[in-house]
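Dear colleague,

I am passing on a structure that I would like you to look through before we discuss it. My notes follow below it, arranged by topic.

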Amino acid sequence: MARADGDRDRGGAEPGHGIHEGASDARLAELLRADTVTAYPALQELRARHHPHVLAYARLCTPNESMARQLAAQAFTLAARRTARGIDSGLPWRHQLLLLVARSAGSWAGDGRAAGLDAGLLLVLNSVGPSGPVPPMLAAFQSLSARTQGLIWYGIVERDPTEKTAVLLGLTREDVTYGTAAALQQLARACLRARLTASEDPDCPDFGRLIEESIRPDSPRDSADLQAHMTHCPHCTTAYEELAALRDAPRTALAEGLLPWGGTAYAAGDPGERAAGGTGVWRRGSGPAGSGREPEDGERAPDRRRTVLVSAVLGAALLPVAVFLAAQGGSPSPDPVGSANTQVSTPPVAVTVTATVSRTPSVSASPSPSPSRTSKSPSPTRSLSPTKTASPKPPPSSTRPLSGSFAQVVNVASGLCLDVSGAFTNGTDVITASCSSSRTQRWRVDDDRGLLQSAADPDFCLDSRGATHRGVGIWECDSVEGRNGRNLMFAVDEDGLIRPVIAFGTAVTPDGGAGDGLSLDSAGEGTGQRWRAGAA
């Protein structure tokens with residue numbers, strides 16, 4: 001086994017590769033949830049398909065080869081554990097794995113492993129927190145079907161061959177050939193809807209059509225009204241910038257929009273070299289050394305002055321997952337993500353901070369890529385930052401904003417606290433109640449996943465129930481990785497509004513006094529929808 005694993009590192013076949021070679025990723029996930037006889041070969045096949053790409057992304061997070069392999073192993077272990085437990089992220093497998101790599105790297109920023117992270121990544125994490133920036137197109141991307149997401153990720157971002165994409169998604173070659181362009185158009189429309197919905201300006205929806213007309217690839221039509229509107233509307237400005245980027249440099253725009261870190265650098269790598277585990281030196285303004293490929297418009301390849309040592313036996317990385325899968329029929333096993341770290345001794349790594357960072361740090365929750373483009377852009381947009389909000393109103397100095405620490409969530413108007421009305425089970429109502437010392441009134445903002453987590457039972461989080469008319473309750477936090485995960489996601493803005501991702505133009509609103517429930521009403525200017533942190 002060790003010999004076969006070593007051969008695989010040099011481009012050889014993965015053990016078990018061929019048993020499920022023609023199965024789609026979705027089918028392999030089904031096998032992973034089944035008995036252990038089928039689970040382990042399915043995991044081997046998924047690893048054979050995606051490990052080189054995941055490792056390439058991990059190398060962007062750390063120049064230390066041992067740490068990069070550890071990050072990649074953590075991503076596979078966590079993805080396998082979730083799948084085996086029936087949690088479906090709803091994302092393409094490879095994209096899900098890359099997000100897990102970034103998440104694991106962010107968790108390292110607060111401990112002794114921080115010194116081994118890439119200097120640019122560490123600068124970003126120190127600026128915006130360990131969760132890193134939120135990929136600006138991720139919510140719109142998740143609103144699309146699994147087929148559409150897969151066509152976009154594998155067909156455009158990864159540039160996988162048509163036949164390979166068809167196998168990964170369980171489609172025909174014709175489906176991939178004729179469906180990829182349409183999939184990109186669907187994402188562009190989803191991004192536009194998301195930006196306009198997030199705006200409180202009632203005029204914004206009327207400019208959606210003008211934005212689409214102004215960025216058409218053939219005969220774009222500029223609008224003086226649109227230009228004037230964008231001088232004071234960051235939402236429409238961002239929508240224009242995103243659609244123009246998707247038109248002019250789709251691969252780079254997608255990688256930047258769907259990855260929290262290093263999207264441009266990841267897109268700049270040659271897909272064939274990544275799939276073969278290649279380690280060419282990347283130079284600014286070019287593809288990997290010897291690839292002969294020039295980057296897309298707007299691509300910026302970072303300096304990667306390192307020699308990669310390919311020596312680890314990949315079978316060892318699969319061991320924690322195999323142990324977990326074997327234990328599924330018995331008592332719960334410890335979290336295998338943690339077990340991937342226990343046997344690795346990483347020497348201190350000298351880090352030199354350079355002036356060039358592959359992603360500009362931003363405190364915004366929705367950074368937006370701005371690739372260069374050849375089309376004419378309305379002049380007012382040049383002086384605007386797409387991710388800034390229009391004239392935010394700071395909260396009163398006597399209030400404390402909600403944060404990542406457990407604290408009471410107090411309504412500014414009534415002084416009542418957010419509370420759980422009963423037992424901690426899926427669907428229990430969340431109400432307002434007189435503030436007390438009860439832990440059911442303590443919550444924290446989980447920036448890593450976009451959740452409001454209960455202190456009384458951290459396994460449960462605030463739940464929008466998928467609609468604006470069903471009230472608000474609690475649900476298991478781990479469900480955020482499933483198909484209805486957006487129901488659990490909220491954003492707390494600088495005004496103290498708690499906005500659900502499913503309807504970003506609304507906010508959590510008390511229905512009345514103590515003991516009454518909550519609703520999701522259109523966000524307004526009053527204090528009734530504002531919340532602050534109370535006693536810790």
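What follows covers one helix, the cysteines and two residues with unusual backbone angles.

Please keep in mind that this is a predicted model, in which local features need a pLDDT of at least 70 and side-chain atom pairs count only at pLDDT 80 or more, whereas totals for chains, interfaces and linings use all residues. Residues are numbered from 1 along each chain as its sequence is written, and side-chain values rest on heavy atoms, with hydrogens and water left out.

**Helix α4**

Helices (H or I, at least four residues) and strands (E, at least two) are taken as DSSP runs and numbered from the N terminus. Helix α4 covers residues 65-84, and its end C-alpha atoms are 29 Å apart, which agrees with the 28 Å that its 20 residues should span at 1.5 Å a residue; the expected span of a helix is defined as 1.5 Å times one less than its number of residues. Of those 20 residues 19 are buried, so α4 is largely enclosed by the rest of the structure. Here buried means under 20% relative accessible area, exposed over 50%, and partly exposed in between, with a 1.4 Å probe and protein chains only. At the N-terminal end of α4, N64 acts as a cap, with a side-chain oxygen lying 3.1 Å from the backbone nitrogen of S66. Just after α4, G86 adopts a positive phi of about 85°.

**Disulfides**

A disulfide is counted when two cysteine sulfur atoms lie within 2.5 Å, and the structure holds two of them. One joins C417 to C435, with an S to S distance of 2.0 Å, and this link is right-handed, with 100° about the S-S bond. Because C417 lies in strand β2 (residues 417-420) and C435 in the loop between β3 (430-433) and β4 (442-446), the pair ties together parts that are 18 residues apart in sequence. C417 counts as buried at 0% relative accessibility, whereas C435, at 33%, counts as partly exposed.

The other disulfide is formed by C461 and C477, whose sulfur atoms are 2.0 Å apart; the torsion about their S-S bond is about 100°, so this disulfide is right-handed. The pair links distant parts of the chain, with C461 in strand β6 (residues 460-463) and C477 in the loop between β7 (473-476) and β8 (490-492), 16 residues apart. C461 is buried at 0% relative accessibility, and C477 is buried at 2%. With the bonded cysteines of the chain numbered in sequence order, the pairing reads 1-2, 3-4.

**Cysteines without a bond**

Why is the sulfur of C204 not bonded to that of C233? The two sulfur atoms are 3.4 Å apart, which is too far for a bond, although C233 holds the closest cysteine sulfur to C204. C204 counts as buried, at 0% relative accessibility. C236 is likewise in no disulfide, the nearest cysteine sulfur being that of C204 at 3.7 Å, and C236 counts as buried at 0% relative accessibility.

**Positive phi outside glycine**

R159, although it is not a glycine, has a positive phi of about 55°; R159 sits in the loop between α8 (146-157) and α9 (162-169) and is partly exposed, with a relative accessible area of 36%. R465, also not a glycine, has a positive phi of about 65°; R465 lies in the loop between β6 and β7 and counts as buried at 18% relative accessibility.

With kind regards

Methods
A polar contact is a pair of N or O atoms within 3.5 Å; within protein, one must be able to donate a hydrogen and the other to accept it, and residues adjacent in sequence count only if both atoms are side-chain atoms.
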